[in-house]
Amino acid sequence: MVRQRVPSRIFRTLAVAGAAALMLTSCATAGGSGSSPRDASPDEDPAVPALTEESLLGTWGSTDEREPHLTFDEGGTLAGSDGCNRLVGGWSLADETVSLENLAGTLMACEGVDTWLRDAVSAVLLDDDELSVRNSDGDEIGTLERDD
């Protein structure tokens with residue numbers, strides 16, 4: 001009997017892809033950055049500026065070690081970290097809501113790090129310098145302040 005050995009690089013790639021698929025199909029749980037959930041829409045508050053592609057581009061959150069952040073780039077790509085795991089994906093903007101698309105990340109365990117950002121599916125602007133990050137139910141799971 002001949003056994004074929006699967007190279008570890010292929011196995012790791014398949015494992016990450018499978019984990020990303022599970023993340024995208026699993027039910028999101030409320031976690032958060034410790035702030036209380038907000039249900040208000042930016043449309044309800046005239047003091048909230050309109051979210052545009054230009055105002056979104058850049059880094060939101062802290063790039064310090066063990067801190068969550070997302071960097072929105074031109075062309076609809078994003079990268080970041082949930083404070084432990086690297087995140088990559090895409091984004092689109094419609095009706096002042098940012099949709100996070102195909103968000104995937106590594107699955108390392110980091111003691112004492114709240115990885116709430118991995119449950120993000122959308123975000124809305126609260127003010128010039130703060131994004132409300134939402135889960136699949138539309139509930140706020142945390143906020144990210146503009147870093148740059």
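**Strands, hairpins and an open sheet**

Strand β5 (residues 97-105) and strand β6 (residues 122-127) run antiparallel, joined by 3 bridges. One residue pair fixes the register here: Thr-97 has Val-124 in β6 as its bridge partner. Keep in mind that this is a predicted model.

Where do β5 and β6 sit in the order of the sheet? The sheet is open, has 8 strands and reads β1-β2-β3-β4-β5-β6-β7-β8. Its pairing is antiparallel. At the edges stand β1 and β8 (140-145). Each has a single partner strand, so one side of each lacks a neighbour in the sheet. From one strand to the next, the twist averages 30°. In a regular strand, side chains alternate between the two faces of the sheet.

Now go to the β1 edge. Strand β1 covers residues 58-61, and strand β2 covers residues 68-73. They pair in the antiparallel sense over 4 bridges. Gly-58 has Phe-72 in β2 as its bridge partner. The hairpin of β1 and β2 has 6 residues between the strands. Which residue in this hairpin takes a positive phi? Arg-66 does, with a value near 70°.

Follow the chain into the next hairpin. β2 pairs with strand β3 (residues 77-82), again in the antiparallel sense, over 6 bridges. His-69 stands opposite Ser-81 in β3. How many residues lie between the strands in the hairpin of β2 and β3? There are 3, and Gly-75 takes a positive phi near 90° in this hairpin. Strand β2 thus has pairings with both β1 and β3.

Terms used: Residues are numbered from 1 along each chain as its sequence is written. This is a predicted model: local features need pLDDT of at least 70, side-chain atom pairs count only at pLDDT 80 or more; totals for chains, interfaces and linings use all residues. Side-chain values use heavy atoms; hydrogens and water are left out. Two strands pair if DSSP finds at least two bridges between them. Helices (H or I, at least four residues) and strands (E, at least two) are DSSP runs, numbered from the N terminus. Axes are lines fitted to C-alpha atoms, for helices over the stretch in contact, and angles run from 0 to 180 degrees between N-to-C directions.
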